[in-house]
Amino acid sequence: MKFITKTDLSAWIDAQITNCEVVAPIEHNGHYLYEPIQSSREIDWSFTRPILPVKEYFFNPTEQILTFTKQWGNVTIHETLQEDQRIIIGVRPCDAHGLKVLDAMFLDADPLDPNYKAHRDRTLLVGFACIETLPTCFCTSLGEGPDSTDGLDLLITPINDGFIVEPVTARGEGLAASMGWVDREIEKPAPPEMPIIPFPEQGAWEALFHLPIWEQTAERCLSCRICAYVCPTCRCFDIRDELIAAKDGKQEFERIRVWDSCASEAYRKIAGGHNPRKAKAERLRNRFYCKFDYFPSQYGPLACTGCGRCIELCPVNIDICETLNQLAEVVT
Amino acid sequence: MRPEVPVAAIAHQADKLLSPDWAKVVEITPEAEGIATYWLELEDESLRQRYRFAHGQFNMLYIPGYGEAAISISSDPEKPDRIGHTIRFVGNVTRAVSRLKVADQVGLRGPFGTAWPIEQYKGRDVVLSAGGIGLAPLRPVIYEIYNHREDYGKVVILYGARTPKDLLYVNEFPVWEEKDIELMVTVDRADQDWTGQVGVVPMLFYRARFDTNNTVVFSCGPEIMMRFVVFEGLARRIPPEHIYLSLERNMKCGQGMCGHCQMGPFFICKDGPVYCYEELEPYFHLEDL
């Protein structure tokens, strides 16, 4: 096994920082966040699950797609795509799984999403296996695990006195080549276990549409949309036009795409006032159906990675596991 | 699994995501109060020559600074260099459209979506039932029938609007009728000069005569109207695979990514807007899907 000490790994990270942008988990006001760092000292090595998934670096919360200059009625378009390399360190396997889900819809689509693809191509993912889990974690129920390498370029597993380095892709091999690792006989620690959450099979959802569970669960829902924003697979977006402050007689606009969520009341409203998903119970139900029924039938993978963020951050304690348990009971 | 549905091939796909091409307004035809047809020509010469669309597809029209709206194409697919959009001024973008003048620029992405499979129904009777602005996406079908009238059997248009003043394309009614296209018009509320029908569109089925064994029904209008159109169609033993509906939802990207128009396992912008009722049946009765 390839073994690297913390000092050597930090030195390697610092060397990368001189070459390209490096994003890593830091601690901020009691929360962990993925942020660009200037030095490996900023990394909080004891991080658990950052509050936002790495999705935000591929499908940005607000992303400029185009800018327009309008002068004397003529419009000029400037497209904005970034190409410089970037490394994200400390990606949790559930987030890498989330990117695989997003790939199925942004990259396998025709036409594909050029902005998402540009970010995907320029970013290397250095994963961190989870050696302990949070009470809300349930990734094993969704087919992945705390030490899954799926979607990562390189996996790092923390052990007592250092880290085990496992390259996954060719790009990961390239990264590992520049690391100062030594070969050592070590046993990889067994991944932590977590409860298995049952959920209805894809074909079983049709029968669950009219259950009172939706109304009951949604009673306390605030439609605050936090569940969608912290979800590694939620990918709805809105497209907006914003005016940039006028410069020398020119009118400049930017087209931005921003995260949106089906929990929002205005999400489906159309001109003329028709709103096909008015009640919040219907919107909450749609979240479950999208993840476990519609998304798999449209793109293949289930749109949930079991990261547990929506459970932890829901202000009114709506628990996806609790609801899935209830639904599974109805099915059996 | 979804049954195989006849879908027209998309002739032109935007090669850039969310980035529009520019078109000039060449003519504006007022149709009714708050409704006008905007005739657009793509500015790029080669694009204008390549651009093709099928009956019932739509474009995303873009007004810089306001945003985009999904507008169905209401002109003749055989004349794709001059693209007509009949637009009702109801929302933020369409109100900005209402302030456009001839020679102004509009952003255009498209065409998107599925099409009315009209050419597969040559030799059959055709029933077109439309409510309000729902006649606009059916007008390409009327052009097709008008241009090749001998290819189709009996053709009946069942059309309704709120008031006689809201009826679209009234100047073309005599032209259509000359080509033996039967037109039945109803309004919700009559005015003093109205001598026609008063009532809802599905009721017109009771007066229409067509060969129910050999008929296709195309419908576009408010969803509640289409529910009853389907009901009347099925009651006349028209099989679900010969009933087609065009649906509407909030659309942002037009490419099945943004999620807004998701209806069950469909994206209306990509898998629709035109659906075969057979395919839609398991979902159409679910309100608030």
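The following legends describe close-up views of a predicted model.

**View 1. Surroundings of A:S264 in a loop of chain A.** A:S264 is placed in the loop that runs between β12 (250–259) and α7 (280–299) of chain A. With a relative accessibility of 9%, A:S264 counts as buried, because buried means under 20% relative accessible area. Its side chain reaches the backbone nitrogen of A:A266 at 3.3 Å. When neighbours within four places in sequence are left aside, A:S264 is in contact with A:R225 and A:R283.

**View 2. The buried and exposed faces of helix α4 of chain A.** In helix α4 (residues 170–177), the buried residues are A:G172, A:L175 and A:A176. Seen down the axis of α4(A), these residues fall within an arc of 95°, so they line one face of the helix. The face turned away from this buried side carries the exposed residues A:A170 and A:A177. The buried residues of α4(A) pack against one helix, α1 (6–19), and against the strands β6 (86–91), β7 (123–128), β8 (154–159) and β9 (162–167) of chain A.

**View 3. A salt bridge within helix α3 of chain A.** The side chains of A:D121 and A:K117 meet in a salt bridge, with an N to O distance of 2.7 Å. Both residues belong to helix α3 (residues 114–122) and lie 4 residues apart, about one turn of the helix. An α-helix has 3.6 residues a turn, so residues three or four places apart point the same way. A:D121 counts as partly exposed at 46% relative accessibility, and A:K117 also counts as partly exposed, at 32%.

**View 4. A salt bridge between chains A and B.** A:R255 forms a salt bridge with B:E68, and their closest N and O atoms are 3.6 Å apart. A:R255 lies in strand β12 of chain A and B:E68 in strand β4 (residues 67–72) of chain B, so the pair joins two chains. Both A:R255 and B:E68 are buried. They are linked with A:D241 and B:R109 in a network of salt bridges.

**View 5. A salt bridge between two loops of chain B.** The closest N and O atoms of the salt bridge between B:D151 and B:K122 are 3.7 Å apart. B:D151 lies in the loop between α3 (139–147) and β8 (155–161), and B:K122 in the loop between β6 (105–112) and β7 (125–131), so the pair ties together parts that are 29 residues apart in sequence. B:D151 is partly exposed at 25% relative accessibility, as is B:K122 at 43%.

Key. Residues are numbered from 1 along each chain as its sequence is written. Chains are lettered from A and ligands numbered from 1 in the order in which they are written. This is a predicted model: local features need pLDDT of at least 70, side-chain atom pairs count only at pLDDT 80 or more; totals for chains, interfaces and linings use all residues. Side-chain values use heavy atoms; hydrogens and water are left out. Buried means under 20% relative accessible area, exposed over 50%, partly exposed in between (1.4 Å probe, protein chains only). A polar contact is a pair of N or O atoms within 3.5 Å; within protein, one must be able to donate a hydrogen and the other to accept it, and residues adjacent in sequence count only if both atoms are side-chain atoms. Contact means heavy atoms within 4.5 Å. The arc is that of the directions from the helix axis to the C-beta atoms. A salt bridge is a side-chain nitrogen of Lys or Arg within 4 Å of a carboxyl oxygen of Asp or Glu.
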